[in-house]
Structures are given as structure tokens and as C-alpha cells.
Amino acid sequence: MNVVVAYDVSTATAAGERRLRRVARICEGYGQRVQYSVFEVVCSQTDLAKLVAKLEDEIEPTEDSLRLYPIHGSDLGSVIQLGRRRDIPNEDAWTL
């Protein structure tokens, strides 16, 4: 399963800055950072459920926003990139 995770964590407070670092750390455990606040994740349905649960536990729902976009089949390989290019392996699920 391919998923793009995008997040906007409020950093107006020190607690928000800590949440931002923790959200990024959680996402790093499941996927590849492709932008400052965007990750591409290749994982099983079970791992996706774990990722969602961890993120739900971390964010402040009244201040932060996360979006997870399921990407079907090989669509992740046909992403249009503009600007500086980073080649990212996306064929296999990440080993946790």
C-alpha cells in the first residue's frame, strides 16, 4: 500500500515544536521524506493502521492537521517532480 502523508503541525508554542519533531520521527519510521512535511510511505495495511494510531496519539487535533492520501498501484512511480530531484526507492515496503 502506498500513502502520501502530509502534515501541518502548529509550532506557535514549544509544545507544538516538540509535536512537529515527534510527528516527523514517526513518519521517518514508516517512509521516506520527500518534502519538509511530506512523506511517501510504502507499507502493509497493518503498518498503516499502526502509523495512523501513532500519529493520532501525537497530534493536537485542535491545532494540527494531517492528511494521508492513498496512492494506488504504481501511481507513486509516476509522480511529477519539478525542481531539485531526489530519486526515492518505492518498490518495496519499508522494513520496520
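This passage describes the fold of one protein chain, from its overall make-up to its strands, helices, core and a few single residues.

The structure is a predicted model, in which local features need pLDDT of at least 70 and side-chain atom pairs count only at pLDDT 80 or more, while totals for chains, interfaces and linings use all residues. Residues are numbered from 1 along each chain as its sequence is written, and side-chain values use heavy atoms, with hydrogens and water left out.

The chain contains 2 helices and 4 strands (DSSP runs numbered from the N terminus, with helices being H or I of at least four residues and strands being E of at least two). Along the sequence these elements follow the order β-α-β-β-α-β. Of its 96 residues, 33% are buried, where buried means under 20% relative accessible area, exposed means over 50%, and partly exposed covers what lies in between (1.4 Å probe, protein chains only). The chain exposes about 6500 Å², of which carbon and sulfur atoms supply 50%; accessible areas come from the Shrake-Rupley method with a 1.4 Å probe, and for residues only the protein chains shown count as cover. Contacts (heavy atoms within 4.5 Å) often bridge long stretches of sequence: among those between residues at least 6 apart, 71% join residues at least 24 apart.

A good place to start is strand E1, residues 2-8. With 5 of its 7 residues buried, E1 is largely enclosed by the rest of the structure. E1 pairs with two strands (pairing requires at least two DSSP bridges between them). With strand E3 (residues 38-42), E1 forms 5 bridges in the antiparallel sense, and here Val-5 stands opposite Phe-39. With strand E4 (residues 65-71), E1 is joined by 7 bridges, again antiparallel; in this pairing Val-4 has Tyr-69 as its bridge partner. In a regular strand the side chains alternate between the two faces of the sheet.

Asn-2, also in E1, counts as buried at 10% relative accessibility. Leaving aside residues up to four places away in sequence, Asn-2 touches Val-41, Val-42, Tyr-69, Pro-70, Ile-71, Gly-73 and Leu-76. The last of these contacts, Leu-76, belongs to the segment after E4 and is buried too, at 5% relative accessibility. Leu-76 also lies 8.4 Å from Glu-40, C-alpha to C-alpha, although 36 residues separate the two in sequence.

Helix H1 (14-28) has 15 residues and reaches 21 Å from its first C-alpha to its last, close to the 21 Å expected at 1.5 Å a residue (the expected span being 1.5 Å times one less than the number of residues). Its buried residues are Gly-16, Arg-19, Val-23, Ala-24, Ile-26 and Cys-27. These cover an arc of only 160 degrees around the axis, which puts them on the same side of H1; the arc is that of the directions from the helix axis to the C-beta atoms. The cover over this buried set includes E1, strand E2 (31-35), E3, H2 and E4.

Helix H2 (residues 45-58), with 14 residues, reaches 20 Å between its first and last C-alpha, close to the 20 Å expected. Asp-47, Leu-48, Leu-51, Leu-55 and Glu-58 are buried in H2. Viewed down the axis, they fall within an arc of 100 degrees, so they line one face of the helix. That buried set packs against E1, H1, E3 and E4, whereas the face turned away from it carries the exposed residues Gln-45, Thr-46, Glu-56 and Asp-57.

The helices and strands come together in the largest nonpolar core, where Val-5, Tyr-7, Val-23, Cys-27, Val-41, Leu-51 and Leu-55 touch the most other members among its 17 residues (such a core is a set of buried Ala, Val, Leu, Ile, Met, Phe, Trp, Tyr and Cys residues joined through side-chain atoms within 4.5 Å). The elements giving two or more residues to this core are E1, H1, E3 and H2, with H1 giving the most, at 4 residues. Leu-51 shows how these elements meet: beyond residues up to four places away in sequence, Leu-51 touches Val-5, Ile-26, Tyr-30 and Val-41. In soluble globular proteins, nonpolar side chains tend to be buried together.

Strand E2 offers a contrasting residue. Gln-35, which lies in E2, counts as exposed at 53% relative accessibility. Its C-alpha is 8.9 Å from that of Ala-6, a residue 29 places away in sequence.
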